[in-house]
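Thanks for making time for this one. Please bring the chain up on your screens, and I will walk through a sheet and some helix packing.

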Amino acid sequence: MKNVTHAKCVRCGAEYEAVPGLTTCTCGGMLDIQYDYGYIRTLVSRETLSGCRDYSMWRYRPFLPVEPDSPPTPLRVGWSPLYPAPRLAQVLGLKALYIKDDGQNPTSSLKDRASAMAVVKAREAGADTIACSSTGNAASSLAGNAAAAGLHTYIFVPARAPKGKVAQLMIFGATVITVDGSYEDTFELSKAAIDRWGWYNRNAAINPYLLEGKKTVTLEILEQLGWQVPDYIALSVGDGCTIAGAWKGLKDLYAAGLIDRLPRLISVQAEGCCPLNRAIQTGEPWSPMEENTLADSIAVGVPRNADKALMAIRESQGVAVNVSDGEILAAMRLLGRTCGVFGEPAGVTGTAGVKKALELGLIDPASTVVSVVTGNGLKDVANGIQAAGEPMLVRPDMDCLLSAFAQHSITP
């Protein structure tokens with residue numbers, strides 16, 4: 001990989017050769033993949049990307065830590081739509097808003113980006129089995145991408161994982177282990193099993209390559225905006241891997257000369273589980289929290305990528321905002337009714353945070369904002385119904401229909 005120089009620990013600075021099976025530093029710190037941006041500049045430009053017809057995350061291969069001859073994954077991952085959202089912007093009182101709908105990836109979440117990277121690196125490592133722990137989306141994305149590539153998967157999920165996500169795992173043929181415990185319990189059991197049987201590790205807070213897949217979401221956003229840098233990019237935050245990856249992608253573009261400034265990040269967590277935002281808001285080290293939110297994909301009380309996530313928020317001079325479960329459900333309705341985008345609770349948390357940040361005066365209404373919807377609402381239909389309510393039920397009779405309309409204040 002001529003574009004990659006080495007991997008570096010974010011805690012102690014130790015350097016490692018960028019081999020396919022990298023995990024963490026001996027000090028316990030996360031590794032960060034380092035690039036030769038001078039070389040990358042010889043491979044990629046706005047013009048070369050404009051002429052590229054590979055509308056997937058692999059259009060950004062010069063920015064990715066994969067061997068030149070490594071084939072891409074079979075499923076089309078990436079290049080999800082970026083929608084202008086003028087109606088929602090008007091409702092919020094915001095100058096300009098864009099919605100990045102990453103729920104349109106193959107298994108309906110942003111996590112497909114990391115799992116596609118895991119499949120390529122597992123192949124490079126000569127592995128035939130991949131494993132991970134997950135609250136749901138990382139699991140389903142791994143199962144689907146691995147199935148398409150002919151690899152086996154062992155996946156550990158907490159018992160609270162939504163049925164829609166577990167159904168995906170079973171359909172994709174994964175060996176699923178439901179753990180009667182918290183996400184932390186689930187993670188520790190998966191780690192012990194991976195160590196025992198030597199499976200390729202897809203846990204994003206252990207494997208530094210997965211963040212490199214996630215960063216493609218911001219590479220796409222800037223290209224889709226015609227390289228016009230927004231003021232803010234809002235993301236829901238759980239273990240910290242997604243926001244860290246988003247920032248890495250932005251810094252890559254800046255280092256390669258494709259953008260001339262960096263946006264600020266909006267880190268959004270659920271009030272009932274916000275250890276990273278709490279650290280930003282108080283200035284104190286992060287500490288564990290209970291996983292008390294219906295947004296299962298970001299219900300991570302012990303974030304495994306805290307170092308990189310906190311660094312990303314601070315380096316970007318970002319905004320940290322927490323939202324209630326009620327505000328998350330309201331954002332599901334608001335996104336659906338103004339944009340036609342159906343996001344799961346964790347998927348819309350970023351948008352709920354944009355609304356809250358405006359209300360608190362944390363961002364200027366004259367700003368341009370991109371909000372990333374990280375997962376599709378069909379993954380969690382129960383909370384979708386909770387957000388929107390049940391439909392009216394009538395007998396097949398016009399008088400009954402008129403009565404129902406009157407009860408719901410509907411005037412056709």
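Let me start with a question: in strand 9, which residue is the bridge partner of Ile130? The bridge partner of Ile130 in strand 9 is Tyr200. Before I go further, I should say that this is a predicted model, in which local features need pLDDT of at least 70 and side-chain atom pairs count only at pLDDT 80 or more, while totals for chains, interfaces and linings use all residues. Residues are numbered from 1 along each chain as its sequence is written, and side-chain values use heavy atoms, with hydrogens and water left out.

That bridge belongs to the pairing of strand 6, residues 129-133, with strand 9, which runs in the parallel sense over two bridges; here strands are DSSP runs of E with at least two residues, helices are runs of H or I with at least four, and both are numbered from the N terminus, while two strands pair if DSSP finds at least two bridges between them. The wider sheet is open and has four strands in the order 8-7-6-9, with parallel pairing. Its edges are strand 8 (175-179) and strand 9 (200-201), each of which pairs on one side only.

Helix 5, residues 137-149, packs on this sheet and touches strand 6 and strand 7 (152-158), and its direction makes about 170° with that of strand 7. For such values, axes are lines fitted to C-alpha atoms, for helices over the stretch in contact, and angles run from 0 to 180 degrees between N-to-C directions.

Helix 5 also meets helix 4, residues 112-124: their axes come within 8 Å and cross at roughly 45°. That makes helix 4 oblique to helix 5, since angles under 35 degrees count as roughly parallel, over 145 as roughly antiparallel, 65 to 115 as roughly perpendicular and the rest as oblique. On the helix 4 side the contact, meaning heavy atoms within 4.5 Å, is made by Asp112, Ser115, Ala116, Val119 and Arg123, and on the helix 5 side by Ala138, Ser141, Leu142, Asn145, Ala146 and Ala149.

Now to a second helix pair. Helix 13 (residues 325-339) and helix 15 (residues 381-388) pack at an angle of about 80°, with their axes 8 Å apart, and that angle makes helix 13 roughly perpendicular to helix 15. Helix 13 contributes Leu329, Met332, Arg333 and Arg337 to the contact, and helix 15 contributes Asn383, Gly384, Gln386, Ala387 and Ala388.
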